[in-house]
Amino acid sequence: MKQVVFFLLMILISSCSFFESKQKRTQELIDEELRHMDWNSVDSYPFFYTCDEAVTKEQQKICFEETLISHFQETLNDFEFTLTDKESETVEVIFVIDTLGKIRVADIYKNELVLNQMPEFDGVITQSLKNLPKLAPALKRGIPVNTKYRIPVQLNTN
């Protein structure tokens with residue numbers, strides 16, 4: 001009888017450590033996978049619903065960029081962004097597409113000349129991005145992720 005109780009006690013003790021080691025091993029595998037994951041790229045780019053999501057990653061990127069630039073140009077053609085300086089200026093617009101596909105302007109890098117001559121510039125750029133067609137977010141391992149983009153805007157001079 002003592003042997004049976006001892007045997008059951010050993011099984012009980014070893015089974016607890018068995019589950020613990022299995023959980024620990026799982027966590028080690030997850031940590032290892034996270035260390036080797038490329039966090040600077042996505043599995044699929046954000047896409048406009050006018051684009052085909054069944055195409056390759058490169059074709060998704062091209063469709064996204066072409067749609068974005070086309071919309072941006074159409075919207076900004078209504079405004080005349082010109083400077084009185086002798087050289088053209090480039091303004092960098094940084095925006096984020098969140099996990100729900102919503103766009104938020106993160107920053108607009110411009111020099112003081114642009115700021116003084118075109119105080120409405122930020123508002124026009126922000127409104128242009130907010131009027132983009134509906135977007136689906138980028139995916140990493142099937143999970144929606146935030147993505148950040150930088151668009152250069154060339155301003156002409158008189």
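Biologist: How much of the chain is buried?

Modeller: Of the 158 residues in the chain, buried residues make up 29%, and please keep in mind that this is a predicted model.

Biologist: How many helices and strands are there, and in what order do they run?

Modeller: The chain has 4 helices and 8 strands, and starting from the N terminus the elements follow the order α-β-α-β-β-β-α-α-β-β-β-β.

Biologist: What share of the contacts is between residues 24 or more positions apart?

Modeller: If you take the contacts in the chain with a separation of 6 or more, residues 24 or more positions apart account for 72% of them.

Biologist: OK, what about the largest nonpolar core, how many residues are in there?

Modeller: The largest nonpolar core has 29 residues, and those with the most contacts inside it are Leu68, Phe95, Phe121, Ile125 and Leu129. Two or more residues each come from strand 1 (47–48), helix 2 (57–76), strand 3 (89–97), strand 4 (103–109), helix 4 (121–130), strand 5 (135–136) and strand 8 (147–157).

Biologist: Why would nonpolar side chains be buried together?

Modeller: As a general matter, that is a tendency of nonpolar side chains in soluble globular proteins.

Biologist: Pick Leu129 then, what is it in contact with?

Modeller: Setting aside the neighbours within four places in sequence, Leu129 is in contact with Leu68, Phe72, Val93, Phe95, Ile103 and Val105.

Biologist: And how do helix 2 and helix 4 cross?

Modeller: Their axes come within 10 Å and cross at roughly 135 degrees, which makes helix 2 oblique to helix 4. The crossing of the two helices is right-handed.

Biologist: Which residues meet there, and of what class are they?

Modeller: From helix 2, Leu68, His71, Phe72, Thr75 and Leu76 meet Val124, Ile125, Ser128 and Leu129 of helix 4. Sorted by class, the contact between helix 2 and helix 4 has 6 nonpolar, 3 polar and no charged residues.

Biologist: Changing topic, where is Tyr45, and is it buried or exposed?

Modeller: Tyr45 sits in the loop between helix 1 (2–36) and strand 1, and with a relative accessible area of 18% Tyr45 is buried, because the cut-off for that class is under 20%.

Biologist: What does Tyr45 touch?

Modeller: Not counting neighbours within four places in sequence, Tyr45 is in contact with Lys57, Gln60, Lys61, Pro137, Ala138 and Tyr149. The C-alpha atoms of Tyr45 and Lys140 are separated by 9.1 Å, although these two residues are 95 residues apart along the chain.

Biologist: You listed Gln60, so where does that one lie, and what is it in contact with?

Modeller: Gln60 lies in helix 2 and counts as buried at 7% relative accessibility. Apart from neighbours within four places in sequence, Gln60 is in contact with Ser44, Tyr45, Asp52, Glu53 and Val55.

Biologist: And Asp98, where is that?

Modeller: Asp98 belongs to the loop between strand 3 and strand 4, and Asp98 is partly exposed, with a relative accessible area of 24%. If residues up to four places away in sequence are not counted, Asp98 touches Pro137, Val145 and Asn146. Between the C-alpha atoms of Asp98 and Lys148, which are 50 residues apart along the chain, the separation is 8.7 Å.

Biologist: Last one, what is the phi of Arg141?

Modeller: Arg141 has a positive phi of about 55 degrees although it is not a glycine, and its place is in the loop between strand 6 (138–140) and strand 7 (143–145).

Key. Residues are numbered from 1 along each chain as its sequence is written. This is a predicted model: local features need pLDDT of at least 70, side-chain atom pairs count only at pLDDT 80 or more; totals for chains, interfaces and linings use all residues. Side-chain values use heavy atoms; hydrogens and water are left out. A nonpolar core is a set of buried Ala, Val, Leu, Ile, Met, Phe, Trp, Tyr and Cys residues joined through side-chain atoms within 4.5 Å. Buried means under 20% relative accessible area, exposed over 50%, partly exposed in between (1.4 Å probe, protein chains only). Contact means heavy atoms within 4.5 Å. Axes are lines fitted to C-alpha atoms, for helices over the stretch in contact, and angles run from 0 to 180 degrees between N-to-C directions. Angles under 35 degrees count as roughly parallel, over 145 as roughly antiparallel, 65 to 115 as roughly perpendicular and the rest as oblique. A crossing is left-handed if the near helix is turned anticlockwise from the far one by less than a right angle, and right-handed if clockwise. Ala, Val, Leu, Ile, Met, Phe, Trp, Tyr, Cys and Pro count as nonpolar, Asp, Glu, Lys and Arg as charged, and the others, Gly among them, as polar.
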